[in-house]
Each structure stands twice: as C-alpha cells, then as structure tokens.
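Dear colleague,

I am passing on the structure below, together with some notes on what turned up in it. Please read the notes with the model open beside you.

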Amino acid sequence: MSRARKALQGFEPYDPAFTPCRVNLSANENTHDVPMPFFNALREAMASTPLNRYPDPMADDLRRQIAERHGVEVENVLVGNGGDEILFNLFFTFGGPGHALVTCPPDFSEYANFAKMCEMPVVSAWRDPETFAIDVDALVAAVNDVQAAMVVLTSPNNPTGDLVDPAIVRRLLDETDALVLLDEAYVEFAGVPELLGEDKSLVGWVAENPRLMVLRTLSKAFGLAGLRVGYLVADPAVVDMVGAIRQLYSEDVIAQSVAVQAVGHRELMVPVVADIVDQRERLAERLAERLAALPGARVWPSSANFVLLRVPGAATVRARLRDEHSILVRDFSAAPGLADCLRITVGTAEENDLLVDALTSLVKETA
Ligand code: PMP
C-alpha cells in the first residue's frame, strides 16, 4: 500500500454490492427487452466486425453518427469507454493540486472519487437537505472562492432525480471562469420520450459556450451498460486535449460498430423510453401512497429512470427486500445527506409490481 502513489492510498476496488436476485433494480440499468429490429441491427454489427485489427483510436464513424444525432461537428465529440472513463480523463486533464472541482452533493459519488485520484481538490456546494435544490448563489461563490478549474452538475441528478435549471448553467458560464461539466447520463428520460432528451439537453449550448462540456452515455436509455460507450460534446480544444491523453484503444471494435448502429437506429428505442417514463410516474405515485402513513417517509419526484425514497430503517428494508423477496435496490443510507434513502431503478411493469408489493408488506410489518 505504502508504495502506491499517495493520492491513491485507501482506494478499494469498486463493489456495487451485487447479489444475484430475481429482480435487480439497483444500478439504473434499462431492464426492458430491446425491440427486435434494434437488437437485429446490433447483432449484425457484432457479427460483421473483424477482431484481428485494432480499433480506430478516435472512433470516427461513431463520432460522425453522434455529431449527426446532436447537430454538432465531429470535432465536438469525444468517445470513451463509458462516461466513467471520460470523467476520469477530464479530471486527469484539468485537475491536479490547486485545480479544484466543485460538486453539488448528494450526487454521483464517482466525481469525488475520480477527482481525488487525480489529486484534484473537491469542494462541495451542498444541496438543500430536504428538497435537494441547488443554492445557485452559494454555488457560484464556491466556484469563485477557490477559482475552481471545473464544476460538475448532473441533469437529471443521480440519485436525487431532479433536472438542473438551465439558468444555473447560464450563471456559472457568465459569472465564473470554470469549465462547466453537465452530466446528462439520464436526460433521455427527462422530456418528451420521442425526442430522447433533446428537448431537455443543453448540448445545443456548446457551440456558443466553449467552457461548457456535456456528458452522455449509451448505458441508460439505450440499454447498453455492458458495452461501455459514453461521449462528451465539447469545444474542439477540449476534445483534442482529452483525446491526446486517453488510452489509445479504450473503445473496442465491437463497442464502436454496435454503438454506430444503436445511435443510427435510436428511434427504435422510443417506445422503451416512453414505457420507462410511464412506469416511473406510476411507481412514484404508488410508493408515495403506500408510504403515506409512515412517519418520516418521502418519495422525491424524478426525471430519470429511478426514484429516490426515504423510508425508516432503509438498510434493513433493503436487506429484507434482497433476502426475503429476491429484489435488489440501492441503499444510500450511509451516504452523507441521504439518511434512510433507497434508490429504486424503474423496471418493467412486472418488476415494479413485485417491488411495490414487497415493500408494502415490509412497511405494514413495521407500521
Ligand atoms: N454519470 C452518472 C450520473 C451516472 O449515474 C453514471 C452511471 N451510473 C455515469 C455517469 C457513467 O455511466 P457509464 O460509465 O456507464 O457511461
């Protein structure tokens, strides 16, 4: 341990606390069956990809397809092995001692982890403990106080589910000098399903705002978490800089060719996204109903494919859901600002029914 770089000591391999279960609603994956024409396009791409050649390092075919999706230039697009790789590479590129990252926790915990690995100081501008609203004055002040290198906002936020008000992004661009990273991993679930997030995304702002960087992924709405494809839409100077330090072949040949087809056939995923959005509203409503009698319980509204709720004894509830009902959800009760909080991924109608029934029976026992 002591031989490792000092900033890395104490880190441990990521453990998502996964247990094989009948229903897994713990990792914000897309649990729906993929529509057959979409699946066939992916399968054909896989079958026709030679494996003996190295991948195209910058994945230009995929960049072109993504650029077409968003109406931006190819030079604005950087592809990575999941959004995670891009986050790490951004912090590695722009962080380091004295180059701070400002976050708005509770948010995606990997921001702070990756930043610390890159020796990038992390400054927290905490959200309201009950509503999770961002205090924009405090946020702008925090960024300016430390002359932060970067500020990250998540829209919709994981795990709180709320969209970022574009006025907050505007103020950060106008009133600070920081790079503004907007993580839109879940944005496809936030607007009209037919538009797959384009009505809520700020990708369109990048051309006019060279300090804005927007992160997207195929892991959520596209149902491709296992493929590992994420991308950044940003100023060409950012794309070139991060493109220069990334692992040469981090996006493998299968991932590239399947992702080209996935983005090209994205309209086929609209019914799936529409169903997840419907299911989310139904799930949140029913959870709120069932928990109404329980003092301290709360369900937050969500624009993503998950719902955050507070339930007394959350850690026990999570363990009993797993052990007695074979349903896996994510327990955040040990995370700062998320006491007694569980995050439930929106599954299929059948999965959500099983979850609601199981939770109702556990809650009845404790009431
Ligand atoms: N951003 C947020 C907010 C996330 O929740 C996740 C995945 N959990 C990611 C980025 C990264 O996703 P991926 O690496 O699968 O693209």
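**Notes on the model**

Ala 319 belongs to helix α10, which spans residues 314-325. The model is a predicted one, with a mean pLDDT of 97 for the chain and 99% of its residues at 70 or more. Confidence is lowest in helix α11 (residues 349-366), where the mean is 93, and it is highest in strand β6 (residues 179-183), which stands at 99.

To return to helix α10, Ala 319 has a relative accessible area of 21%, and because buried would require a value under 20%, Ala 319 counts as partly exposed. Its C-alpha atom is separated by 40 Å from that of Ser 257, a residue 62 positions away along the chain.

The other part of the model that I looked at is strand β7 (residues 212-217), which is mostly covered, six of its six residues being buried. Leu 212, Val 214 and Arg 216 point one way from β7, while Met 213, Leu 215 and Thr 217 point the other way, and all are buried. As a rule, side chains in a regular strand alternate between the two faces of the sheet.

As for its partners, β7 pairs with β6 in the parallel sense over four bridges, and Leu 182 has Val 214 in β7 as its bridge partner. Strand β8 (residues 230-233) is also joined to β7 by four bridges, but here the two run antiparallel, with Arg 216 standing opposite Tyr 231 in β8.

With best regards

Conventions: Residues are numbered from 1 along each chain as its sequence is written. This is a predicted model: local features need pLDDT of at least 70, side-chain atom pairs count only at pLDDT 80 or more; totals for chains, interfaces and linings use all residues. Side-chain values use heavy atoms; hydrogens and water are left out. pLDDT is the predictor's confidence in each residue, from 0 to 100. Buried means under 20% relative accessible area, exposed over 50%, partly exposed in between (1.4 Å probe, protein chains only). Two strands pair if DSSP finds at least two bridges between them.
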